[in-house]
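Student: Could we go through this model together, setting each value against the rule behind it?

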Amino acid sequence: MTKARQVEKAEEERGRGRPAAERAAEVVRGSEELFQRTFELAGLGVGYISLDRRFMSVNNRLCEILGYPEHELLRLRGRDISHPDELDAINEKRPQLHAGEIPCIRLEKRYVRKDRSVVWVAVTIVLERDAAGKPLYEIAVYDDITARKDAEAALVDSEAHWRAIIDSANDGIIVCDRDMAVVDCNAAAERIVGLAADKLIGTQGFTSILPCVAEDGSPLAVEERPLRRTVREGKPLSGVVIGIKRDDGSITWLLVNTGFLRRPGEQSYYGIVATVADISAQRRAEAAVRDSEALFRTSFELASSGIAHVDLDGHFMRVNRRLTEILGYPENELIGRSVKDVSFHDDRDVTDPQRARVRAGELESVRFEKRYVRKNGAVVWVNLGVALVRDGNGTPLYEIAMFDDITERKEAEVALHEAHEELKRSNSELEQFAYVASHDLQEPLRMVSSYTQLLGRRYADKFDPDAKEFMAYIVDGAARMKQLIEDLLAYSRVGTKGKDFKPVEVGKPLRRAITNLKAAIEESGASVTYDSLPTIPADEVQLAQLFQNLMGNALKFRSPSVPRIHIGVQEKEDAFEFAVRDNGIGIEPQYFERIFMVFQRLHNKGEYPGTGIGLAICKKVVERHGGHIRVESKTGEGSAFIFTLPKQQKEGTNGG
Ligand code: ADP
């Protein structure tokens with residue numbers, strides 16, 4: 001039995017025997033009470049609204065919902081507590097309600113509670129009329145839907161939140177339904193795939209509408225499309241590489257991952273998500289690295305130098321073919337072997353200090369000449385270059401060593417050195433011989449010439465004219481021979497009897513030479529001028545001899561005009577360059593070399609006296625000092641004899 005029926009029954013029993021009108025009034029009173037109790041207990045807010053829009057009666061729940069005590073609410077109109085944005089939301093619909101055009105007003109709106117908090121309410125308003133249809137009052141039911149509205153707002157926020165994240169992602173994200181049809185994609189997907197969202201949405205993924213290739217470049221088979229594979233295999237894919245062929249022939253390479261979309265607690269999926277990353281640049285970089293590695297490998301193998309990579313403990317890590325030829329070991333016997341193992345015993349450690357400096361970063365690279373021992377025991381000379389390879393942080397990784405076989409050159413150098421030594425020895429022997437010979441020849445020559453002269457003086461009247469003439473030839477020949485022997489002696493003395501070098505103010509031997517040539521200078525009316533001359537380490541006597549020979553020649557080989565001689569000097573890096581210039585007859589270029597040789601002359605002694613040894617002596621003096629001599633000249637325009645003398649003497653050359 002329902003509660004209402006119980007009440008009714010009780011009333012029936014209580015009223016038995018009373019007049020019917022009284023019982024009816026009681027029933028009405030009872031139902032009003034019942035209504036009142038229901039009104040107060042209702043979970044919904046209920047209010048009666050008078051035609052002037054004021055609350056006539058409100059239940060507790062409505063007071064709770066709108067946040068006002070009953071007595072305050074009864075003084076207010078709904079409009080007074082409406083949210084400013086929705087002041088007349090209900091008023092706008094009232095005319096229709098009152099006109100009977102709509103059965104009720106139903107809407108969701110906000111009210112501002114007494115504590116200023118906002119409450120969302122679903123309102124339903126109906127109009128009560130009297131029997132004649134005249135409006136009496138409104139009945140309004142209010143449901144607090146704030147929690148639902150908050151949840152809706154939170155959902156909107158969360159969607160916006162995820163949308164923003166997805167749209168800002170660098171990778172493309174493509175969402176499909178369970179039938180693999182694209183339903184959504186982010187901006188990156190549009191950019192990477194190269195299709196606008198509206199072109200992509202509804203398709204079975206971009207692989208179904210664009211020509212695609214597999215990682216190896218072959219056309220992508222239908223069953224290999226990532227979405228299909230995901231569904232077929234029933235598991236997410238990761239790291240699948242796919243290329244999209246573009247109209248210009250280029251390929252956009254993509255890295256594709258897929259996954260299933262499932263509702264919490266559900267086994268079956270409602271969609272599939274695919275992410276795509278553009279790895280074209282990365283693939284290009286990888287290809288470039290592969291190319292450069294191939295280039296390196298080829299260069300390494302084809303290089304005409306031996307090349308090795310040597311680990312930091314000094315073991316061969318990698319060697320090229322040329323190095324196996326130079327060292328005479330096969331590759332497998334070199335790799336892992338210590339470099340010192342194949343070094344020549346005396347040269348094993350010679351590179352250590354310099355290589356340590358490269359390791360310390362003081363030097364970029366270093367070069368050596370050192371010896372290795374080939375497998376067959378032969379020694380090979382190598383020009384070795386060593387540099388260090390470091391990683392991005394500067395930490396040493398390994399050494400690169402370049403080997404050039406210089407055995408032939410080294411052997412040639414040794415041979416040259418030996419030949420040079422031999423030449424020096426035989427030269428000095430020759431010099432010694434010339435000296436001894438010329439010295440010892442003087443004595444018998446003196447006898448020949450003095451006895452010839454004696455013969456001439458004592459027996460002149462007994463000689464016929466022919467004999468006298470022959471005698472004169474003998475005397476003249478002996479005199480010339482004497483001169484030649486003296487010159488030869490002087491020449492050999494440059495090497496054998498030279499003095500130690502001391503600092504010499506060059507002007508001093510020059511002035512001595514001028515004094516010695518005084519007669520010839522005065523006789524010819526020559527002018528001799530000279531620069532300010534430096535001080536250098538030299539043999540002063542020999543310098544005087546040098547100047548005297550050169551100036552003597554300038555006076556001797558003069559042109560018809562008055563001789564002018566100038567001695568100039570120029571400072572060079574390691575030496576002074578002197579020049580003795582004249583305005584004499586000059587020399588033809590083809591004789592520039594010959595005139596410095598012993599006894600080489602360009603004129604006969606009738607034209608110009610001399611033995612042809614002066615310049616040979618000059619050359620020997622200059623070379624003994626570590627310098628060079630040459631001539632510059634034009635026939636008829638004078639000559640310049642140019643020679644260098646070092647500013648400092650090298651160790652061990654003092655006086656040669
Ligand atoms: P000599 O003077 O005894 O002939 P040198 O050795 O001094 O011997 O000179 C060799 C030759 O070089 C000379 O015979 C001459 O022909 C040429 N010569 C040397 N000096 C000069 C000069 N200043 N001008 C022209 N010719 C020169």
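What follows is a short exchange on the ligand and on the chain.

Tutor: This is a predicted model, in which local features need pLDDT of at least 70 and side-chain atom pairs count only at pLDDT 80 or more, while totals for chains, interfaces and linings use all residues. Residues are numbered from 1 along each chain as its sequence is written, and side-chain values use heavy atoms, with hydrogens and water left out.

Student: What makes a residue count as near the ligand?

Tutor: One of its heavy atoms must lie within 4 Å of the molecule. The ligand is surrounded by 21 residues, and the closest are Asn-553, Lys-556, Asp-582, Arg-601 and Gly-612.

Student: Why is the pair between Asn-553 and the ligand called a polar contact?

Tutor: A polar contact is a pair of N or O atoms within 3.5 Å (within protein, one must be able to donate a hydrogen and the other to accept it, and residues adjacent in sequence count only if both atoms are side-chain atoms). A polar side-chain atom of Asn-553 lies 2.8 Å from a ligand oxygen, so the pair qualifies. A polar backbone atom of Gly-612 is 2.9 Å from an oxygen atom of the ligand, and a backbone N or O atom of Leu-615 also lies 2.9 Å from a ligand oxygen, so these pairs meet the cut-off as well.

Student: How do you know that the chain is not a compact globule?

Tutor: The radius of gyration is taken over C-alpha atoms, and the globule rule is 2.2 Å times the number of residues to the power 0.38. For 656 residues a compact globule would come near 26 Å, but the chain has 62 Å, so the chain departs from that rule. Along its principal axes, the C-alpha trace spans about 220 × 65 × 45 Å.
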